[in-house]
Amino acid sequence: MVFGRRELVMSVVVLAVPVASYFLVFKPQNARIEAAKTEVSHKMSLLAQLEAEAERTEDLMAENAEIASRIETIEARLPSDKEVDEVIRQVSNLCVQAGLAQPALASEDPVRAATYMEQPLTLKTTGDFRGYYEFLLMLEQLPRVTRISDLEVKAPRNAREGDDGIVDIEFTLSIYFQAEGDAA
């Protein structure tokens with residue numbers, strides 16, 4: 001076999017085709033495959049984050065529904081401004097039931113508290129400390145939202161020897177209510 005120019009050119013072409021294929025076809029294709037793998041990996045991590053957020057969103061929606069239910073329960077305990085007088089009568093009756101003297105009530109101007117109104121009442125009464133404790137327990141059982149502040153319990157000025165346990169009581173009772181226009 002004679003190895004001439006034609007054979008030499010043919011062998012260079014035969015060797016050049018795979019080398020050229022590597023640089024012109026396979027190397028760019030491998031680079032695109034690696035870029036696609038990187039992109040898929042990035043999108044998978046984003047998908048995992050999105051799934052975690054979606055689970056958290058469902059939990060938050062359930063918590064929001066629970067909070068809304070609690071708010072409705074508390075709002076149901078708020079009387080309208082027309083019913084505040086009835087609550088005041090109930091508080092006065094509770095004082096008498098507990099064995100305390102009929103309270104002296106001094107009403108102050110209603111105060112806006114968030115989206116509700118607060119009606120502060122100053123109550124003054126006298127009675128046995130156990131009766132006062134019983135009054136507080138009954139007041140706590142009322143189905144309305146109330147708050148006691150500025151509490152003063154002291155021995156009466158004109159206390160006699162046999163008046164053990166008798167105290168003068170003064171406190172501010174706040175009754176929360178919805179103003180007529182705020183009920184919505």
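1. In which sense do strand 2 and strand 3 pair, and over how many bridges? Strand 2, residues 111-113, runs antiparallel to strand 3, with three bridges between the two. The model is a predicted one. The two strands make a hairpin with two residues between them. One residue of the turn, A114, has a positive phi of about 60 degrees. Within this pairing, V111 is placed opposite E118 of strand 3.

2. The overall layout can be stated briefly. Three helices and five strands make up the secondary structure of the chain. In sequence order the pattern reads α-α-β-β-β-α-β-β. Helix 1 covers residues 5-76, helix 2 covers 84-97, and helix 3 covers 129-140.

3. Strand 3 deserves a separate point. Strand 3 spans residues 116-128, and 10 of its 13 residues are buried. Besides the hairpin with strand 2, strand 3 pairs with strand 1 (residues 104-107), again in the antiparallel sense, over four bridges. L105 faces L123 of strand 3 in that pairing.

4. Strand 5, residues 166-177, is another antiparallel partner of strand 3, with 12 bridges between them. E118 has Y176 as its bridge partner in strand 5, while V111 stands opposite E118 in the strand 2 pairing. In a regular strand, side chains point alternately to one face of the sheet and to the other.

5. On the nonpolar core: the largest one has 22 residues, and V91, F135, L139, F171 and L173 are the members that touch the most others. Helix 2, strand 3, helix 3 and strand 5 each contribute at least two residues to this core. Nonpolar side chains tend to be buried together in soluble globular proteins.

6. What does F135 touch, leaving aside residues up to four places away in sequence? The contacts of F135 are V91, L94, C95, A98, L100 and F171. Two of these, V91 and F171, are listed with F135 among the core members that touch the most others.

7. The loop between helix 1 and helix 2 contains L78. L78 counts as buried because its relative accessible area is 8%, and the cut-off for buried is under 20%. Beyond residues up to four places away in sequence, L78 touches Y116, R144, V145, Y176, F177 and Q178. The C-alpha atoms of L78 and R144 are 5.9 Å apart, although 66 residues separate the two along the chain. Y176 is also the residue that bridges to E118 from strand 5.

8. Six salt bridges are present in the structure. Opposite charges on side chains can pair when the charged atoms come close. In one of the six, K43 pairs with E39, with 3.1 Å between the closest N and O atoms. K43 and E39 are about one helical turn apart because four residues of helix 1 separate them. E39 is partly exposed, at 44% relative accessibility.

9. R70 and E66 form another salt bridge, with the closest N and O atoms 2.5 Å apart. Both residues belong to helix 1 and lie four residues apart, about one turn of the helix. What is the exposure class of R70? R70 is exposed, at a relative accessible area of 52%, whereas E66 is partly exposed at 40%.

10. K154 and E152 also meet through their side chains in a salt bridge, at 3.2 Å from N to O. K154 counts as partly exposed, with 43% relative accessibility. E152 is likewise partly exposed, with 40%.

11. A nonpolar patch of about 640 Å² lies on the surface, made by V19, Y22, F23, L24, V25 and F26. V19 belongs to helix 1 and is partly exposed, with a relative accessible area of 48%.

12. Some totals for the chain follow. Of its 184 residues, 22% count as buried. The accessible surface amounts to about 13,600 Å², and carbon and sulfur atoms account for 58% of that. Among contacts between residues at least 6 apart in sequence, 66% join residues at least 24 apart.

Definitions and conventions
Residues are numbered from 1 along each chain as its sequence is written. This is a predicted model: local features need pLDDT of at least 70, side-chain atom pairs count only at pLDDT 80 or more; totals for chains, interfaces and linings use all residues. Side-chain values use heavy atoms; hydrogens and water are left out. Buried means under 20% relative accessible area, exposed over 50%, partly exposed in between (1.4 Å probe, protein chains only). Two strands pair if DSSP finds at least two bridges between them. A nonpolar core is a set of buried Ala, Val, Leu, Ile, Met, Phe, Trp, Tyr and Cys residues joined through side-chain atoms within 4.5 Å. Contact means heavy atoms within 4.5 Å. A salt bridge is a side-chain nitrogen of Lys or Arg within 4 Å of a carboxyl oxygen of Asp or Glu. Patches are made of residues with over 30% relative accessible area and no salt bridge: like charges are joined within 9 Å, nonpolar side chains (Val, Leu, Ile, Met, Phe, Trp, Tyr) within 5 Å. Accessible areas come from the Shrake-Rupley method with a 1.4 Å probe; for residues, only the protein chains shown count as cover.
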